[in-house]
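Below are my notes on the model you sent, set out as numbered points. Please read them with the coordinates open beside you.

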Amino acid sequence: MAEHGVIIRAGEVIDGANRMRFRADVAIDGDRIAAVGDLSDDTAETEIDAAGRIVCPGFIDVHTHDDRMLRDAGDMTPKVSQGVTTVVAGNCGVSLAPLVAAERPMEPLDMVGLEGDYRYPTFAGFVDDLTRRAPASNAALLVGHGTLRLAVMDDTQREATPDETAAMEEKVAEAMASGAVGLSTGLEYPPARRCGTGEVVALAAVAARAGGVYATHMRSYGADARAAFEEAVRVGRDARLPVVISHFHCHADGNPGLCAEALGWYDESRGEGVEVAVDAYPYEASSTSILPRFVEKSAKVLVAWSKPHPETNGRYLHDIAADWGVDAVDAAERLAPGGAIYFGRDEENVKRLMAHPAVLIGSDGIPLNPHPHPRLWGTFPRVLGRYVRDLGLMALEDAIHRMTAASADRFGLRDRGRVETGRHADIVVFDPAAIADRGAYMEPERPAAGIDRVLVNGVEVWNARGHTGAAPGRVVGRRTG
Ligand SMILES: [Zn+2]
């Protein structure tokens, strides 16, 4: 007989380790899981009935641009409402630190911060902000290469000099010492397009020495995707660290076969001694800056935001272009700087990615967008509802593994991602028959269905009535648990 803080009773436990579900009670003391098993002799201050429900580790969103939301809107409602208990921020070369910029930064840095948001001479300053005023979810932080380039270079449209590379290396070391889990790049984006692979290897090697990971938005996902993929693997091999390739939807340039081909490169790369994983989200549309070259390749484009024309947020580009009497590319040029949602992916490729054992789930949501892509609110329930339950593409245990333990292992998040005695009590209780995303492209900001309870570090942040107001999140990583 023991007395616990919380017991979640009689649920079907899916522990994250890709094992078959089993019926068990789960006890929590403080921020840790105290016991898993038949606890009918034990009592608790708070008893949660989970009969007919799945009890599993809180989801880890491995691909986010949540840096500013973590700091300024720490309730993290778009994330905790879908069962996400940890977000990996700082992806695609874009992190809010370390950079001081009074003005609005160049794209895509404006994805996570606007005028005055970049105010961190050190990475430690940002970590301090998140520690002083905790968010509702945990945060694992990557330091972004684009941010580093803007911090040390007067002009990013060239290769870095040896002195500039050395200055960036020092900043990576400071970030890693302050709790970052690795380095990210966005090699397709303006701040990094002119950099050489050697510069990336040098910075990644610093992250590697501190046990970090390398997450990359590759130089190309279209015609040059193969070379870009090989560059990512080379960085992992030369710098000796695991690689995560971001939003692995190779689809551009009207070649839907490219996605299957790219998964083939992935399978081949496994023999090369480099650990490579990829992340993806379950939607047929993508979202990023409004760029004329992306507009040219898309069948349909929805405006997420526009600085000069905020009245166009949430409207289709072809309607705006018709109103203005110009073509879509001209309209896109007038709308920039801004963000857009691009349609044109093949659903068969989305299915292929969701079912692949190497694919970790990452939303790539952009909370700063006034009209965000629905992936921000719905990614995890959409995988579990549409792709697991409705389409039957993979086992629930497999999908949950790639949202929890596999993600924690890849990003070095100690003691997270598993329902197991001694681990941190990040837990979701959900109804497998009801779980579903509810957002749509025109109305994206809607909480998911079927999520009953979400606990972060043993504290309930979300239940059937909504957000509890609790903010038990922490900056997490290899050392900070
Ligand atoms: Zn990206």
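1. In this predicted model, four cavities of 30 Å³ or more are found. The largest cavity holds about 60 Å³ of space, and its lining is made up of Asp110, Met111, Ser287, Thr288, Ser289, Trp305, Gly338, Gly339, Ile366 and Asn369. Two elements give two or more residues to that lining, namely strand S15 (285-289) and strand S17 (338-343), and the largest share, three residues, comes from S15. By residue class, the lining of the largest cavity divides into three nonpolar, six polar and one charged.

2. Turning to the pockets, the second largest pocket has a volume of about 330 Å³. It is lined by 17 residues, of which Tyr266, Val276, Pro357, Ala358 and Arg410 are the closest to its centre. The elements that contribute two or more residues to this lining are H8, strand S14 (276-280), helix H14 (396-401) and helix H15 (405-411), with H15 giving the most, three residues. The class division for the second largest pocket is eight nonpolar, two polar and seven charged.

3. Which residues supply the protein donors of the zinc ion? They are Cys92 through SG, His217 through ND1 and His247 through NE2, and these donors lie 2.0 to 2.2 Å from the ion. Along the sequence the donor residues follow the spacing C-x124-H-x29-H. The two histidines link distant parts of the chain, given that His217 belongs to strand S12 (residues 213-217) while His247 sits in the loop between strand S13 (243-245) and helix H8 (258-269), 30 residues apart. His217 is buried, with a relative accessible area of 5%, and His247 is likewise buried, with a value of 9%.

4. Another histidine that deserves a look is His145, which is placed in helix H4 (residues 145-152). Is His145 buried or exposed? Its relative accessible area is 0%, so His145 counts as buried. Setting aside neighbours within four places in sequence, the contacts of His145 are Gly93, Leu183, Ser184, Thr185, Leu187, Ala192, Cys195, Glu199, Val200 and Leu203.

5. On the cysteines, the structure holds zero disulfides. A disulfide is a covalent bond between the sulfur atoms of two cysteines. Why is Cys195 without such a bond? The closest cysteine sulfur to that of Cys195 is the one in Cys92, and because the two are 14 Å apart, they are too far from each other for a bond. Cys195, which is among the contacts of His145, is buried at a relative accessible area of 5%, and Cys56 also counts as buried, at 0% relative accessibility.

6. Thr312 can be checked in a similar way, and its place is the loop between strand S16 (300-306) and helix H10 (317-324). Although it is found in a loop, Thr312 counts as buried, at 2% relative accessibility. Not counting residues up to four places away in sequence, Thr312 touches Val303, Ser306, Ile320, Trp324 and Leu335.

7. Two backbone points concern peptide bonds and phi angles. Most residues other than glycine have a negative phi, and most peptide bonds are trans. Ala97 and Pro98 are joined by a cis peptide bond, with omega about 0 degrees, and Pro98 is found in the loop between strand S7 (84-89) and strand S8 (99-100). The peptide bond from Ala336 to Pro337 is also cis, with omega near 0 degrees, and Pro337 lies in the loop between helix H11 (328-335) and S17.

8. Positive phi values in residues other than glycine should be inspected alongside these bonds. Asn18 has a phi near 65 degrees and lies in the loop between strand S1 (3-13) and strand S2 (22-29), where Asn18 is partly exposed, with a relative accessible area of 40%. Asp415 has a phi near 60 degrees and is placed in the loop between H15 and strand S19 (427-430), and Asp415 too is partly exposed, with a relative accessible area of 26%.

Terms used:
Residues are numbered from 1 along each chain as its sequence is written. This is a predicted model: local features need pLDDT of at least 70, side-chain atom pairs count only at pLDDT 80 or more; totals for chains, interfaces and linings use all residues. Side-chain values use heavy atoms; hydrogens and water are left out. Donors are N, O and S atoms within 2.8 Å of the metal (3.2 Å for Na, K and Ca); water is not among the atoms, so sites may look incomplete. Helices (H or I, at least four residues) and strands (E, at least two) are DSSP runs, numbered from the N terminus. Buried means under 20% relative accessible area, exposed over 50%, partly exposed in between (1.4 Å probe, protein chains only). Contact means heavy atoms within 4.5 Å. A disulfide is a pair of cysteine sulfur atoms within 2.5 Å. On a 1 Å grid over the protein atoms alone, a cavity is a set of points where a 1.4 Å probe fits but cannot get out, and a pocket is an open set with protein on both sides within 12 Å along at least five of seven lines; lining residues have an atom within 4 Å of a point. Grid points are joined across faces, edges and corners, and a volume is the space filled by probe spheres set on the points. Ala, Val, Leu, Ile, Met, Phe, Trp, Tyr, Cys and Pro count as nonpolar, Asp, Glu, Lys and Arg as charged, and the others, Gly among them, as polar.
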